[in-house]
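Student: Please show me the model, and let me ask how each label attached to it is justified.

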Amino acid sequence: RNPEAFQDFIATINQKLNTIDLEFRKSHDETDGKAVWALVNTKGDEVVKLATEYSPIEIAYFKHLIELIVTADDEAFSVSSITALKEASKLKTTITKNTAENLLQRFVDDKWLILSQGGRYSLSQRTILELQVYLKEEFEDNLIECTLCYDIVTQGQRCDVQQCKSRLHHHCARRYFSSQNEKICPTCKIPWKDSNEIGEMRNNTGAMRSRRRDRRINDQDDYLQDYC
Ligand SMILES: [Zn+2]
Ligand SMILES: [Zn+2]
């Protein structure tokens, strides 16, 4: 109940953990803003942690997926199911479509990936937190920090001004704008439109986005039509 005592407690634990390259880290779930804690490896070889659950081929596939997601065009930070499945045939040791499908489901079940209603995969909070060092080392140029909390942001909002670097988590934007008189960009001060989203929603056109509200279930068909 005492935040300072808790901070001290975490600091003490982290001191001990750091000697074995581990650390407790706090973050917020990008989808609902809830606080999450994770025990993270502070070295870049974090992905080896998956080795207890996955085979080397499966890990290779996961790394390919991470790359597709992180380097997606226009800050979409997601990959369609179809592209994700196609990627399986590009591995050095290829896996069948069926195996890839099952594997994708496992990545979702184990909370490494999130599958949206629209049929797109994005990084889970677990991946962002636990594989943070790996992500930052591999994709320094692609990852974006939230202007307000400095954590990695892959689902959120961005400033309408192209040159402006402002990116906000949805939950950070909500909290920030509720304490401001005007809804303007914290960096360049132009009016802020929360409809300029980054992440999985980015891939929807305006028309699809408004349909999404009424008929969520049909989104998957829209995507398939788009890609086939
Ligand atoms: Zn934030
Ligand atoms: Zn701005």
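Student: In which strand is histidine 169 found, and why does histidine 169 count as buried or exposed?

Tutor: This is a predicted model, and in it histidine 169 is found in strand S7. Its relative accessibility is 1%; buried means under 20%, so histidine 169 counts as buried.

Student: What does histidine 169 touch?

Tutor: Not counting residues up to four places away in sequence, histidine 169 touches Glu30, Cys146, Cys149, Asp151, Ile152, Val153, Gln155 and Gly156. With glutamate 30 there is also a polar contact between the side chains, at 3.4 Å. The cut-off for such a pair of N or O atoms is within 3.5 Å.

Student: What makes histidine 169 a donor of the zinc ion (ligand 1)?

Tutor: A donor has to lie within 2.8 Å of the metal. The protein donors here are Cys146 (SG), Cys149 (SG), His169 (ND1) and Cys172 (SG), 2.1 to 2.4 Å from the zinc ion (ligand 1). Along the chain they follow the spacing C-x2-C-x19-H-x2-C.

Student: Why is the arrangement around the zinc ion (ligand 1) called tetrahedral?

Tutor: Four donors count as tetrahedral if all angles lie between 85 and 135 degrees. The 4 donor atoms around the zinc ion (ligand 1) subtend angles of 97 to 118 degrees, so the arrangement is tetrahedral. For reference, the ideal angle for four tetrahedral donors is 109.5 degrees.

Student: How are cysteine 149 and cysteine 172 placed in the chain, and what is the burial class of cysteine 149 and of cysteine 172?

Tutor: Cysteine 149 lies in the loop between H6 and S6, and cysteine 172 in helix H7, so the pair ties together parts that are 23 residues apart in sequence. Cysteine 149 has a relative accessible area of 26% and is therefore partly exposed. Cysteine 172, with 2%, is buried.

Student: Which other residues of H7 are buried, and what do the buried residues of H7 pack against?

Tutor: The buried residues of H7 are His171, Cys172, Ala173, Tyr176 and Phe177. They pack against strand S1 (22-28), S6 and S7.

Student: What coordinates the zinc ion (ligand 2), and what makes its arrangement tetrahedral or irregular?

Tutor: Cys159 (SG), Cys164 (SG), Cys185 (SG) and Cys188 (SG) coordinate the zinc ion (ligand 2), at 2.3 to 2.4 Å. The 4 donor atoms subtend angles of 102 to 116 degrees. With the limits for four donors at 85 and 135 degrees, the arrangement is therefore tetrahedral. In sequence the donor residues are spaced C-x4-C-x20-C-x2-C.

Student: Which parts do cysteine 164 and cysteine 185 tie together, and how do you know whether cysteine 164 and cysteine 185 are buried or exposed?

Tutor: Cysteine 164 lies in the loop between strand S6 (156-158) and strand S7 (167-169), and cysteine 185 in the loop between helix H7 (170-178) and strand S8 (197-198), so the pair ties together parts that are 21 residues apart in sequence. Cysteine 164 has a relative accessible area of 7% and is buried; cysteine 185, at 0%, is buried.

Student: Which residues touch the most other members of the largest nonpolar core, and which element gives the most to this core?

Tutor: Of the 31 residues in the largest nonpolar core, Tyr61, Ile66 and Leu113 touch the most other members. Two or more residues come from each of helix H2 (56-70), helix H3 (81-87), helix H4 (97-109), strand S5 (120-123) and helix H6 (132-138). H2 gives the most, with 7 residues. Apart from this core lies another, of 8 residues, among them Cys159, Ala173, Phe177 and Cys185.

Student: Why does leucine 123 count as buried or exposed, and what is leucine 123 in contact with?

Tutor: Leucine 123, in strand S5, has 4% relative accessibility, so it counts as buried. Leaving aside neighbours within four places in sequence, leucine 123 is in contact with Ile66, Ile69, Val70, Trp112, Leu113, Ile114, Ile128 and Leu135.

Student: How do you know whether serine 81 is buried or exposed?

Tutor: Serine 81, in helix H3, has 19% relative accessibility; the cut-off is under 20%, so serine 81 counts as buried. A polar atom of its side chain lies 2.6 Å from the backbone oxygen of glycine 119. Leaving aside neighbours within four places in sequence, serine 81 is in contact with Leu115, Gly119 and Tyr121.

Technical notes: Residues numbered from 1 in each chain as written. Chains lettered and ligands numbered in written order. Predicted model: local features only at pLDDT ≥ 70, side-chain atom pairs only at ≥ 80, totals over all residues. Heavy atoms only, no water. Core = buried A, V, L, I, M, F, W, Y, C linked by side-chain atoms within 4.5 Å. Buried < 20%, exposed > 50% of the residue type's maximum accessible area, 1.4 Å probe, protein only. Helix = DSSP H or I, 4+ residues; strand = E, 2+ residues; numbered from the N terminus. Polar contact = N/O pair within 3.5 Å; in protein donor to acceptor, adjacent residues only side chain to side chain. Contact = heavy atoms within 4.5 Å. Donors = N, O, S within 2.8 Å, 3.2 Å for Na, K, Ca; no water. Tetrahedral: all angles 85-135°; square planar, octahedral: opposite > 155°, others 65-115°.
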